[in-house]
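Please work through the exercises below with the sequence and the coordinates at hand, trying each task before reading its solution.

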Amino acid sequence: MSSDGSATMPEVPAHVSGGSPPASAPDNAVMLMDAMRAILAVIDELETLRTENRQLKEALEGRALIERAKGMLMARRGCDEAGAFQILVALSRQQHRKVRAVAADFAEGIAPGGPDAPATPVQA
């Protein structure tokens, strides 16, 4: 208290406050919420990138299987690349399966008739 009986606030040294008033609790809460939103946005972006990465890997693997199966069909049936792909597509439709799954069967040698089976016409 001062000599006249009134209460006085103690003076805050400049080195403690850095010359500016301390942040209030609502300001800290706003900053914390902004930081949390930014972190959540980064997490969402990371998950999106992981999903995209997985899909790209699967697409690349599928493409390799299809190319391999096309090569096998070209060698077995003496057709060109477009013809081999048409065969895979036709089998895919007949079997109600994805082209990749049909190609995987050919690449693994478990296609109908096996890899060395004689060429049979496939209706497109």
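The exercises that follow deal with a nonpolar core, a buried lysine, salt bridges and a surface patch.

The model is predicted, so local features need pLDDT of at least 70 and side-chain atom pairs count only at pLDDT 80 or more, while totals for chains, interfaces and linings use all residues. Residues are numbered from 1 along each chain as its sequence is written, and side-chain values use heavy atoms, with hydrogens and water left out.

**Exercise 1. Determine which residues of the largest nonpolar core touch the most other members, and which helices supply the core.**

Solution. Begin with the criterion: a nonpolar core is a set of buried Ala, Val, Leu, Ile, Met, Phe, Trp, Tyr and Cys residues joined through side-chain atoms within 4.5 Å, where buried means under 20% relative accessible area, exposed over 50%, and partly exposed in between (1.4 Å probe, protein chains only). The largest such core has 15 residues, of which Leu73, Leu88, Ala103 and Phe106 touch the most other members. Next, assign the helices, which are DSSP runs (H or I, at least four residues) numbered from the N terminus: H2 (25-77), H3 (81-95) and H4 (99-107) each supply at least two residues of this core, and H4 gives the most, with 6 residues. Finally, list the contacts of Leu73 (heavy atoms within 4.5 Å): leaving aside residues up to four places away in sequence, Leu73 touches Gly78, Cys79, Ala84, Ile87, Leu88 and Phe106.

**Exercise 2. Decide whether Lys70 is buried or exposed, and find the side chain with which its own side chain makes a polar contact.**

Solution. Locate Lys70 first, in helix H2. Its relative accessibility is 4%, and therefore Lys70 counts as buried. Then search for polar contacts, meaning pairs of N or O atoms within 3.5 Å in which, within protein, one atom must be able to donate a hydrogen and the other to accept it, and residues adjacent in sequence count only if both atoms are side-chain atoms; the side chain of Lys70 makes one with the side chain of Glu81, at 2.8 Å. With residues up to four places away in sequence not counted, Lys70 touches Arg63, Glu81, Ala84, Phe85 and Leu88.

**Exercise 3. State how many salt bridges a search of the whole structure finds, and examine some of the pairs.**

Solution. The search takes a side-chain nitrogen of Lys or Arg within 4 Å of a carboxyl oxygen of Asp or Glu, and finds 7 salt bridges. One of the pairs is Arg54 with Glu58, at 3.6 Å from N to O; both residues lie in helix H2, 4 residues apart, about one turn of the helix. Another joins Arg100 and Glu61 at 3.8 Å, N to O; Arg100 lies in helix H4 and Glu61 in helix H2, so this pair ties together parts that are 39 residues apart in sequence. The side chains of Asp105 and Arg97 meet at 2.8 Å, N to O, where Asp105 counts as buried at 16% relative accessibility, whereas Arg97 is partly exposed at 31%. To complete the step, note that Arg63, Glu67, Lys70 and Glu81 are linked in a network of salt bridges.

**Exercise 4. Identify which residues form a nonpolar patch on the surface with about 290 Å² of accessible area together.**

Solution. Retain residues with over 30% relative accessible area and no salt bridge, and join nonpolar side chains (Val, Leu, Ile, Met, Phe, Trp, Tyr) within 5 Å, with accessible areas from the Shrake-Rupley method and a 1.4 Å probe. The patch consists of Leu32, Met33 and Met36. Of these, Leu32 is found in helix H2 and is exposed, with a relative accessible area of 51%.

Methods. Patch = residues over 30% accessible without salt bridge, like charges linked within 9 Å, V, L, I, M, F, W, Y side chains within 5 Å.
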